[in-house]
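Colleague: Could you pick one part of this model and take a close look at it for me, then work outwards from there? I'd like the cut-offs spelled out as you go.

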Amino acid sequence: MEELTFIELAKLLISFAVLAPSGHNSQSWNFKIADNQIVIVPDMDKRLAVVDGDNRELFISLGCALANLQVAAGHHGYNSEYVYQDGKIVVSFSQQDGGTDNELFAAIEKRHTHRGEFTGEKIPDELLKNFDIQPNTNILLFDEASREASVIKRKIEEGNIVQMSDTAFKRELVSWMRFNRKHIEETHNGLCYNVLGFPSMPKPIGKRIVGKFLNPKAQNKTDNAINATVSHFCVLTVKENTEQNWIELGVMLEHFLLKITSFGLAYSFSNQPCEIGSLASQLKEELNINDFPSVVLRLGYGGEPKTRSPREQKF
């Protein structure tokens, strides 16, 4: 393979980094290419002020993008190290002897958030072991039939009641929905009609129709149907709520998602209990954990998506 210039390499690595998950597919990150470095900075113009007022999910998504960047770098024959300083992630690279081929890199382009119900099939215990844990973070797994899973389900319901009764939350959510092909091409981000599974329609009509379904009763009906088909719930925690810890959690989260993708498993986010301060405190207490719950995942089996969420070019 012909040796790449660093700028060419950086653009290649960034093309994998942007495939990371982010709240509402907002992609609230920017990349800068410097001498032998890639700098990741938050794009505060795309922060989700209502659902993510403390920017927790934003910095978790930066960690996910960082994880993809480093996995891709290893695949292409580069070691990488990062530091978080002055509100930005600085990643430095050094060439190694040969690339590192592993299941994580192969899973970057396959990873996706599952939409809808799972199959109901149980995940074997051996597939949910030996995950990498980052400093100051943890992964907690609960069988769907456990007491802890019942707690999580109840907090999801309570979260829907709060969020779907909040006009500001619903306004922000709808602002990130993309209702037709032209709308998608204008932004290359957001929650797209074809990914969510509804037909193309003009934006004004789409906003009116979607608005009718954004209510606690409808959302809980949908989530309860999904929750009845999962195999496990997963809660990711941090010891302290700091930007550094959220980034580390994002790295761990993306490694976890890539690993389960390589196993043929599916997942979806259900972060309502972490997005509302009072519910997050209750979840921490009722799960009897010392750390702070930051991400809630549903795990199971599901099919491949017919279409995937778009990505912006960030360089």
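**A close look around R154**

Modeller: Let's start with R154, which counts as partly exposed because its relative accessibility is 34% (buried means under 20% relative accessible area, exposed over 50%, and partly exposed in between, with a 1.4 Å probe and protein chains only). Before going further: this is a predicted model, where local features need pLDDT of at least 70 and side-chain atom pairs count only at pLDDT 80 or more, while totals for chains, interfaces and linings use all residues. Residues are numbered from 1 along each chain as its sequence is written, and side-chain values use heavy atoms, with hydrogens and water left out.

Back to R154. Its side chain meets that of E286 in a salt bridge, 2.2 Å from N to O (the term means a side-chain nitrogen of Lys or Arg within 4 Å of a carboxyl oxygen of Asp or Glu). R154 sits in helix α4 (residues 147-163) and E286 in helix α12 (residues 277-286), so this pair ties together parts 132 residues apart in sequence. Helices here are DSSP runs of H or I with at least four residues, strands are runs of E with at least two, and both are numbered from the N terminus. The partner E286 is partly exposed too, given its relative accessibility of 25%. The bridge isn't on its own, either: R154, K155, E158 and E286 are linked in a network of salt bridges.

Next, K153. Its salt-bridge partner is E144, with the closest N and O atoms 2.4 Å apart, and K153 counts as partly exposed because its relative accessibility is 21%. E144 is in the loop between β5 and α4. The two side chains also make a polar contact at 2.4 Å (a pair of N or O atoms within 3.5 Å; within protein, one must be able to donate a hydrogen and the other to accept it, and residues adjacent in sequence count only if both atoms are side-chain atoms). If you skip residues up to four places away in sequence, E144 touches K122, A149, K153, N227, V230, S231, H232 and F233, where contact means heavy atoms within 4.5 Å.

Helix α4 also turns up as cover for helix α5. In α5 (residues 167-175), F169, E172, L173 and V174 are buried, and what covers its buried residues includes α4, β6 (177-178), β7 (191-192) and α8. At the start of α5, a side-chain oxygen of D166 comes to within 2.9 Å of the backbone nitrogen of A168. As for α8 (residues 203-213), that helix holds I209, which is partly exposed because its relative accessibility is 37%. Together with I205 and F213, I209 makes a nonpolar surface patch of about 280 Å². Patches are made of residues with over 30% relative accessible area and no salt bridge, like charges being joined within 9 Å and nonpolar side chains (Val, Leu, Ile, Met, Phe, Trp, Tyr) within 5 Å; the areas come from the Shrake-Rupley method with a 1.4 Å probe, and for residues only the protein chains shown count as cover.

Now for the inside. The largest nonpolar core has 57 residues, and F31, I40, L69, L236, F256, L297 and L299 have the most contacts within it (a core is a set of buried Ala, Val, Leu, Ile, Met, Phe, Trp, Tyr and Cys residues joined through side-chain atoms within 4.5 Å). Helix α2 (residues 56-75) supplies the largest share of that core, twelve residues. Another core, of 17 residues, lies apart from it, with A149, V151, C274 and I289 among them.

To put the R154 bridge in context, there are 15 salt bridges in the structure. One of them joins E254 and R111, at 3.7 Å from N to O. That pair links distant parts of the chain, 143 residues apart: E254 in helix α10 (residues 243-262) and R111 in the loop between α3 (103-108) and β5 (137-143). E254 counts as buried because its relative accessibility is 0%, and R111 is buried as well, with a relative accessible area of 6%.

One last stop: A266 in strand β9 (residues 266-269). Its relative accessible area is 4%, so A266 is buried. Neighbours within four places in sequence aside, A266 is in contact with H114, F118, R298, L299, G300, Y301 and G302.
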